[in-house]
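Me: I have a model open and would like to go through how its chains meet. Could you take it step by step with me?

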Protein chains: 4
Amino acid sequence: MEKYIFSLRMKVRDYECDLQGIVNNANYQHYTEHTRHEFLLAHGVSFAALHDQGIDCVVARINMQFKVPLRSGEEFDSCLWLKKDGIKFVFMQDIFRASDHKLVLRAQVDTVCIVNGRLSDCQQLNETFAEFL
Amino acid sequence: MEKYIFSLRMKVRDYECDLQGIVNNANYQHYTEHTRHEFLLAHGVSFAALHDQGIDCVVARINMQFKVPLRSGEEFDSCLWLKKDGIKFVFMQDIFRASDHKLVLRAQVDTVCIVNGRLSDCQQLNETFAEFL
Amino acid sequence: MEKYIFSLRMKVRDYECDLQGIVNNANYQHYTEHTRHEFLLAHGVSFAALHDQGIDCVVARINMQFKVPLRSGEEFDSCLWLKKDGIKFVFMQDIFRASDHKLVLRAQVDTVCIVNGRLSDCQQLNETFAEFL
Amino acid sequence: MEKYIFSLRMKVRDYECDLQGIVNNANYQHYTEHTRHEFLLAHGVSFAALHDQGIDCVVARINMQFKVPLRSGEEFDSCLWLKKDGIKFVFMQDIFRASDHKLVLRAQVDTVCIVNGRLSDCQQLNETFAEFL
């Protein structure tokens, strides 16, 4: 797992499970979003503060493969690394079940920045993440 | 049901059900919020537009009695009436299962307005809802 | 839009919007799930009843392109068509803003059936949807 | 804070904030539910396992006072104590903002047990929580 640059331990909350008794798929999108935002915060960047400055990071495309479902009470590690593709920041995000390290979710999330209403390359994020690109 | 001044027909969505196979309680709060906001819209008032004008309607207190749980695919009627109590707008909100008119939820929701950051009486809402008070 | 075989008119609920003032991405997954389940119901198949019979339809892979964000109060049409690919049912799902028919979301959702705990071809669904495949 | 018997440190996730930039009220219900379930787990009781045994703990009534709104990235302590009232377990739940210990939410949650479809006193929970009653 050497390529990951950030990892967040989380735990399934019962309200995230649906009538099949497994985590509803939309919650994996929440998990991956929260992981990206915590990664930003760990580098001094706040998603909410960016918004107040007129910079909105938005998801342009998401691709998720669901491998093994998480269930009530299970812990998991939400890991990511990133790369730059043109003006896009592409987050490679994997979730592993903590108990046995099984791959739960493999996701690719393409994000772009809207600066003052226009699709733009975001210098602030380029500088912050230069070390990882 | 004569006292109700607004009613919205809705239908349970499967992702709103939890591992017990019934609608998760927090979703009733969503249902009542959406009903209030649709009631506002029906009278020309947008919750989002109010926010952009510096007027935030917020819930100060909520009291909910859960009578009968809703299940996958069930339709329901979300009804409300309101009264004024000092500067508070108090929404009396009941939800009935459509198939048999059984009471699902009885809620009282006390709301207040924050105008430019200060708790205030909101003249715009007072005028809009004068006919109901 | 001739290839769509099902369409559902929905409306953004304010609690689905996040601090950017637009619908949070995970809710599009909810919208597409609800559309599939309503499509099933329209053909006499209940997702919840399938679960009770030991048949779980699960999403194996999802690919979503976010084109234009939906905002508070906007209506939209959630449309789908489907195809079979091996044992997978592949749902092609597009969401259009009602006011101007702009494409909001383009999604491909690959689903499989787990019958009594085993990945299986589901005869019940094959028969129900034979006319569309 | 001596009367609390359980406390859980949590952090606001951005997707829990709505277009007002504050945590949407329904999420406080999620926070209090998750806190109760973690409290149960800390005493060897799983909400999901109870359901599989035919025991459903459900909320009969909830009363929430919203004092100070939580915002993006804020940490908070979700605390509870409980008492018995007839067959009801009554959870007294308070949420405090971690940075300044301000009271965010004061809630009373009345819960009952449905055992094999019938409202019942639940011996298992009575024994587990005898020390606190």
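Me: To start with, how much area is buried between chain C and chain A?
Reply: Bearing in mind that this is a predicted model, the area buried between chain C and chain A comes to about 2200 Å², and carbon and sulfur atoms give 47% of that. On the side of chain C, the residues that lose the most area to chain A are Leu19(C), Gln20(C) and Gln29(C), which together make up 24% of what that side buries.

Me: And how many residues does each chain put into that contact?
Reply: Chain C brings 22 residues and chain A brings 23 residues.

Me: What does the rule find there in the way of salt bridges and polar contacts?
Reply: For salt bridges the rule finds zero across the interface of chain C and chain A, whereas for polar contacts it finds 14 residue pairs, counting pairs with both residues at pLDDT 80 or more.

Me: Which elements of chain C supply the side that touches chain A?
Reply: Helix H1 (25–42), helix H2 (47–52) and strand E2 (55–66) of chain C each supply at least two residues of that side, and E2(C) gives the most, with eleven residues. Sorted by class, the side of chain C that touches chain A has eleven nonpolar, eight polar and three charged residues.

Me: OK, so what does E2(C) pair with, and in which sense?
Reply: E2(C) pairs with strand E2 (residues 55–66) of chain A in the antiparallel sense, over five bridges. To find your place in that pairing, look at Arg61(C) in E2(C), which has Gln65(A) standing opposite.

Me: Changing topic: what turn and shift lay chain C on chain A?
Reply: A turn of 180 degrees with a shift of 0.0 Å along the axis lays chain C on chain A, with an RMSD of 0.0 Å. The C-alpha of chain C nearest that axis belongs to Asn63(C), at 2.2 Å. Both copies use the same surface, given that 100% of the contact residues of chain C recur in chain A.

Me: Now the other two chains. What turn and shift relate chain B and chain D?
Reply: Chain B can be laid on chain D by a turn of 180 degrees and a shift of 0.0 Å along the axis, with an RMSD of 0.0 Å, and the two copies are therefore related as by a two-fold rotation axis. In chain B, Asn63(B) is the residue that comes closest to the rotation axis, with its C-alpha at 2.2 Å.

Me: Why do you say that chain B and chain D meet through the same surface?
Reply: Because 96% of the interface residues of chain B are also interface residues in chain D.

Me: How much area do chain B and chain D bury, and which residues of chain B supply more than any other three?
Reply: Chain B and chain D bury about 2200 Å² between them, with 47% of it on carbon and sulfur atoms. Leu19(B), Gln20(B) and Gln29(B) are the three in question, and they supply 24% of the area that chain B buries against chain D.

Me: And the polar contacts and salt bridges between chain B and chain D, how many of each?
Reply: There are 15 residue pairs in polar contact, both residues being at pLDDT 80 or more, and zero salt bridges by the rule.

Me: Last one: how many bridges join E2(B) to strand E2 of chain D?
Reply: Five bridges join E2(B) to strand E2 (residues 55–66) of chain D, and the two strands run antiparallel. Within that pairing, Ile62(B) has Met64(D) in E2(D) as its bridge partner.

Note on methods
Residues numbered from 1 in each chain as written. Chains lettered and ligands numbered in written order. Predicted model: local features only at pLDDT ≥ 70, side-chain atom pairs only at ≥ 80, totals over all residues. Heavy atoms only, no water. Contact = heavy atoms within 4.5 Å. Buried area = accessible area lost by both parts, 1.4 Å probe. Salt bridge = Lys/Arg side-chain N within 4 Å of Asp/Glu carboxyl O. Polar contact = N/O pair within 3.5 Å; in protein donor to acceptor, adjacent residues only side chain to side chain. Helix = DSSP H or I, 4+ residues; strand = E, 2+ residues; numbered from the N terminus. Nonpolar A, V, L, I, M, F, W, Y, C, P; charged D, E, K, R; others polar. Pairing = 2+ DSSP bridges. Least-squares fit on C-alpha atoms with pLDDT ≥ 70 in both.
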